Amino acid sequence: MRRLVVLLVLCGSAATAVPDTAPPPRRVVRAAVESSLPTAQGNIRQFAFDSDPKTHFASPGNPVTGDHLTVTFDEPVELRAASVATGRADGTDALAGAAWQVSADGITFNDAGLVTAGYGGVRTNGPVRALRL
């Protein structure tokens, strides 16, 4: 077994050193994804949020009134905006008329926008605990 070891040596003097001005790292807040819709062919709901254009969440049937896809954060987060693109790359299976809902406490949801022709977005002003589509 081969190993590659890299040693990085930084040289400098105190007189020429630049102080660290980078901002502190941001907190990481975990989130859970839930859906009332079953999964089709291994296209799990987490794929809706993995930033990989080759993956997606899919259900075997069309959603009906009462179905949802919900992202709930472990604690409220400052969220300014969120957007969604639905359907397949060829434009089929796009949602139309689905409601975007936002919750500050993860329990009470308020309508915040609509998905039309497969696309939708919301703007928020305040802490968000959950988003529901």
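Student: Let's start from the outside. What percentage of the accessible surface of the protein chain belongs to carbon and sulfur atoms?
Tutor: Happy to help, and please keep in mind that this is a predicted model. The accessible surface of the protein chain comes to about 10,300 Å². The share that belongs to carbon and sulfur atoms is 54%.

Student: How confident is the prediction, and what is the mean pLDDT of the protein chain?
Tutor: One part to treat with care is residues 1-14, where pLDDT stays under 50 and the model has zero contacts beyond four places in sequence. Over the whole protein chain, 86% of the residues reach 70 or more. The mean pLDDT is 81.

Student: Which elements build the protein chain, and how many strands are there?
Tutor: Reading along the sequence gives the pattern β-β-β-β-β-β-β. That fits with a helix count of zero. The number of strands is seven.

Student: Which strands are the edge strands of the sheet?
Tutor: The seven strands make an open sheet with antiparallel pairing, in the order β1-β2-β7-β4-β5-β6-β3. An edge strand pairs on one side only. This is the case for β1 (31-35) and β3 (81-85).

Student: What is the average twist from one strand to the next?
Tutor: The sheet in question is the open one with antiparallel pairing. From one strand to the next, its twist averages 20°.

Student: Is β4 largely enclosed by the rest of the structure or open, and how many of its residues are buried?
Tutor: Strand β4 covers residues 98-103. β4 is largely enclosed by the rest of the structure, because most of its six residues are buried. The number of buried residues in β4 is five.

Student: How many bridges join β4 to β7?
Tutor: In the sheet order, β4 stands between β7 and β5. One bridge partnership with β7 matches Q101 with R132, and V102 stands opposite L131 in β7. β4 and β7 run antiparallel, and the number of bridges joining them is three.

Student: And on the β5 side, which residue in β5 does V102 stand opposite?
Tutor: β4 pairs with β5 (residues 110-116) in the antiparallel sense over five bridges. Within β5, the residue opposite V102 is N110.

Student: β4 and β5 form a hairpin, so which residue in the turn has a positive phi?
Tutor: Six residues lie between β4 and β5 in this hairpin. In the turn, a positive phi of about 80° belongs to G106.

Student: Is S103 buried or exposed, and what is its relative accessible area?
Tutor: S103 is found in strand β4. It touches T108, F109, V128, R129 and A130, not counting residues up to four places away in sequence. S103 counts as buried because its relative accessible area is 0%.

Student: Which residue offers the backbone oxygen that the side chain of S103 reaches?
Tutor: The side chain of S103 makes a reach to a backbone nitrogen too, that of G106 at 2.6 Å. The backbone oxygen lies at 2.8 Å and belongs to T108.

Student: A130 came up among the residues S103 touches. Which residue has A130 in β7 as its bridge partner?
Tutor: Look at strand β2 (residues 69-78), which pairs with strand β7 (residues 127-132) in the antiparallel sense over five bridges. The bridge partner of A130 is T72.

Student: Now to the loops. Is Q41 buried or exposed?
Tutor: Q41 has its place in the loop between β1 and β2. Its phi is near 50°, a positive value in a residue other than glycine. Most residues other than glycine have a negative phi. With a relative accessible area of 79%, Q41 is exposed.

Student: What is the approximate phi of D93?
Tutor: D93 has its place in the loop between β3 and β4. Although D93 is not a glycine, its phi is positive, at about 60°.

Student: What percentage of the residues in the protein chain is buried?
Tutor: The protein chain has 133 residues. Among its contacts with a separation of 6 or more, residues 24 or more positions apart account for 55%. The buried share of the residues is 24%.

Definitions and conventions:
Residues numbered from 1 in each chain as written. Heavy atoms only, no water. Helix = DSSP H or I, 4+ residues; strand = E, 2+ residues; numbered from the N terminus. Buried < 20%, exposed > 50% of the residue type's maximum accessible area, 1.4 Å probe, protein only. Polar contact = N/O pair within 3.5 Å; in protein donor to acceptor, adjacent residues only side chain to side chain. Contact = heavy atoms within 4.5 Å. Pairing = 2+ DSSP bridges. Axes fitted to C-alpha atoms, helices over the stretch in contact; angles between N-to-C directions. pLDDT = per-residue confidence, 0-100. Areas by Shrake-Rupley, 256 points an atom, 1.4 Å probe, with all protein chains shown as cover.
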